[in-house]
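Work through the exercises below with the sequence and the model open. Try each task before reading its solution.

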Amino acid sequence: MTVVTLTVNDELISANAGQTVLEAVRDSGGNIPTMCHLDGLSNYGGCRLCLIELGGSPKLSPACFTQVQEGMVVFTHTDRLIKYRKMVIELLLSERNHICAVCVMNGNCELQAMAAELGVDNVRYDYLSPKLAMDASHELFTLDHNRCILCRRCMRACDEIEGSHVWDISGRGIDSMVITGLNMPWGESDVCTKCGKCVQVCPTGALSKKGSSVAEMKKDPVCLRWVLDGRQKGIWDYEKRATRLAQV
Amino acid sequence: MNKRELEAAAQSELERQKKFCHRVLCCNSTSCMSAGAGEVLKTLQQSVEDNNLQKEIEVSPAGCMGLCSAGPMVTVQSSDSENTLYKEVSPKVAKEIIESHIVKETPIDDNIIPSDFPFFAKQMKLVLAHSGLINPARFEEYVALGGYNALAHVLRDMTPSEVCETIHKSGLRGRGGGGYPAGLKWNLVRRSQGSHKFVIANCDEGDPGAYMDRTLVESNPHQLLEGMAIAGYAVGADQGYIFVRGGYPGASKRLDQLETAIRSAERNNLLGGRILNSKFGFRIDLRVGAGAFVCGEETALMASVMGRRGQPVPRPPYPSDKGLWGYPTLINNVESLSSVSTIINHGAENYSKIGTTGSKGTKIFALAGQLKYTGLIEVPMGITLREIVYDIGGGMLDGRTFKAAQTGGPSGGCIPAEHLDIEIDYEKFREIGSSVGSGGLIVLDNQSCMPDLARFFMEFCMDESCGKCVPCRVGTRQTYDILDNITKGSATMDDLVKLEDLCIMMQETSLCGLGQAAPNPILSTLRYFRDEYEAHIKDHFCPATECKITKSPILDLVNGKG
């Protein structure tokens, strides 16, 4: 495997060719904030939190999609980037009804943690406060659109790992909504295997176990570990599986 | 069909046309149809029959003749004199054209457009040269005017790399708005490795007020097919797709027309396997979009062609490396592909003589707004905006003064009066905060309210955002809300700061061109008309008359009526 060297925030790090900048930085102990990215799922590039500056380019690039190159100069925490990340979180908080005090994920929520980490102490934009429904038709889980940030982790987990593709998106723009089945109540979707992976990968309180009250919903670290491992071993990557089988 | 048979087909069509002493062409493109061209065509045919002149006069539908504001348009071609162009033809005038102009040889002076009419004098019709002179449904008429000669020439005498080099030398740049050099793109696709390659014609034209691609497709579909086949030969593709916007008014009719054109080209061995008896085969299929503006973005377009949800993915990889189903794909706008045969026929050197240092050739604009004459124009690059507005457009309507020209639709910006002498050029437009875009050009007068214009375009972008990335999905909504407050007179100066901040953030962080360009109308109007924004906020007053603020409750409160 070829090793390349790149400069991240004036420090030299080495990475395997073919890795993304995000993977390389995290492997070397650094961090780039992400929201839609989850190790083990395919990349999406929608949250724009992992944007980085590349030396010599005025454009910002998403770290989750940018491949490492020899001699690359990367800046992950410039003033401009920190400002934009805060704005992204502010926009997300203003989009739907993120009211932590009554949320099942209070204290375990990735959006909440990210807002705290980035120092978002107020939202300058008007809250849009849409009136959105909840879906409690499933026997085990609840879907609350008010907490959804449309990161599509549930969609990717269900499609790529479970292979059910229960989740999808309806509408567009600000009217986008995650839907189950053919826009039917979750409980009526007969392709759902009730595996609960979508609930485990959801960064906010949009998907939760039924019966959990405020701040009671906790993630199962074993499940997330398993999602990640499966990716690394190439369990749900068709090409990797094919090459692995060919080697046997 | 081989080259000799192609020439024979052209010859026999010319002879057929010579049999008629007059040909009456009635514009049948969308704008004239909406002005009643369908009825006019029927009347023309009826009165030819009534006078028993079927053998002397041919009445035929045709493509766009340009002056859309004075539609329906009719051209009378005579074997012994120049073409006569008629404007505002009603069924009554249509009858007179046959009975008085043709039979009695006394033209109808009220409706005639003089041959030195300024609207046409400053134009340079290369891509639109045949538009309005041929019946788009008949493949023979395109062949009679030299159609498919470029394809025959390319297949017989040129290698793919020579074709790419010719396009590169011509200086043709992507006409969809990006302005990326077409020759470079072709070469990239040609050099990429892949067992299949694809060519896509992007006909997902969605800018409000722009209809260049639609007109090209409905006026001269074979020109596009020829351009695509040449592109396919140059890059090594065997399959092409025309991605047509589903939301066009009368889309089904247009799709039928395109389908007919493709079928007749296939029947005549100009598409399909072994084109013109060469070893090159190329097929073209239609793909209809589900009506999303974002599908004009190339990665979203490809997703839609593949049957997926039309939303963009980050680049790289670029379509030239990994496009449709992972194969190298060439995506060009309809106007770029329609220019190809012209470039091959006229030579790259002659094409590159037209225009400025950076922008070559001609550009089609859909000229609209408060002008005397509006319609579809084709002008050489490097012509000034003043010439377009005052010479071609005939100046402002009576009692109105020029305030700004909005170019590039929701991704472009406004050009104020102080920049009227700017040349049409990709870089010069970018410098002043606008863009040539795909070719929408709306002229605004002193009654237009600029914050309201920005609000209109932001509303459009908000509706058309796919919702994938946060800055575009939520940012367009938040900026729209702020603009709405400004136009209602209920915003504060803090909102203006917030608005500018958000605009720059959206420009820099959005995933695709839609979100990155969505703030352009705001930023350019803020740059040139900041006082108007401030008047709305501070004085609750709008200097322009066409503004909502005059009806706003806040103004009533200010005036003591509340």
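A residue counts as buried when its relative accessible area is under 20%, and as exposed when that area is over 50%. The model used here is predicted.

**Exercise 1. Which residues lie on each face of β7(B), and are they buried or exposed?**

Step 1. Locate the strand: β7 of chain B covers residues 239-244.

Step 2. Recall the rule for regular strands: side chains alternate between the two faces of the sheet.

Step 3. Sort the residues. Gln239(B), Tyr241(B) and Phe243(B) are on one side, with Gly240(B), Ile242(B) and Val244(B) on the other.

Step 4. Apply the cut-off. The residues on both sides are all buried, and both faces are therefore covered.

Step 5. Conclude. Six of the six residues of β7(B) are buried, so the strand is largely enclosed by the rest of the structure.

**Exercise 2. Find the strands that pair with β7(B), and give the direction of each pairing.**

Step 1. Take strand β6 of chain B, residues 198-203: six bridges join this strand to β7(B), and the two run parallel. Within that pairing, Ile200(B) has Tyr241(B) as its bridge partner.

Step 2. Take strand β8 of chain B, residues 283-288. Here too the pairing with β7(B) is in the parallel sense, over six bridges. Gly240(B) has Ile284(B) in β8(B) as its bridge partner.

**Exercise 3. What is the strand order in the open sheet of five strands in chain B, and which strands are at its edges?**

Step 1. Read the order across the sheet: β2-β1-β3-β4-β5, with mixed pairing.

Step 2. Look for strands that pair on one side only. These are β2 (57-62) and β5 (112-113) of chain B, the edge strands.

Step 3. Check one pair inside the order. Strand β3 (residues 74-78) and strand β4 (residues 84-86) of chain B run antiparallel and are joined by three bridges. Val76(B) lies opposite Thr84(B) of β4(B).

**Exercise 4. Describe the hairpin of β8(A) and β9(A).**

Step 1. Identify the strands: β8 of chain A spans residues 167-170, and β9 of chain A spans residues 177-180.

Step 2. State the pairing. The two strands run antiparallel, joined by four bridges, and Asp168(A) is opposite Ile179(A).

Step 3. Turn to the connection. Six residues lie between the strands, and Gly171(A) has a positive phi near 70°.

**Exercise 5. Where is Ile354(B) placed, and is this residue buried or exposed?**

Step 1. Place the residue: Ile354(B) is in the loop between α15 (348-353) and β10 (362-369) of chain B.

Step 2. Compare with the cut-off. Ile354(B) has a relative accessible area of 15%, so this residue is buried.

Step 3. List contacts, leaving out residues up to four places away in sequence. Ile354(B) touches Met124(B), Leu126(B), Ser359(B), Lys360(B), Gly361(B) and Pro380(B).

**Exercise 6. Characterise chain B as a whole.**

Step 1. Count its elements: chain B has 23 helices and 14 strands.

Step 2. Test its compactness. The radius of gyration is 25 Å, close to the 24 Å given by the globule rule for 562 residues, so chain B is as compact as a globular protein of that length.

Step 3. Add burial: 61% of the 562 residues of chain B count as buried.

Step 4. Add contacts. Among those in chain B between residues at least 6 apart in sequence, 71% join residues at least 24 apart.

Definitions and conventions: Residues numbered from 1 in each chain as written. Chains lettered and ligands numbered in written order. Predicted model: local features only at pLDDT ≥ 70, side-chain atom pairs only at ≥ 80, totals over all residues. Heavy atoms only, no water. Rg over C-alpha atoms; globule rule 2.2 N^0.38 Å. Buried < 20%, exposed > 50% of the residue type's maximum accessible area, 1.4 Å probe, protein only. Contact = heavy atoms within 4.5 Å. Pairing = 2+ DSSP bridges.
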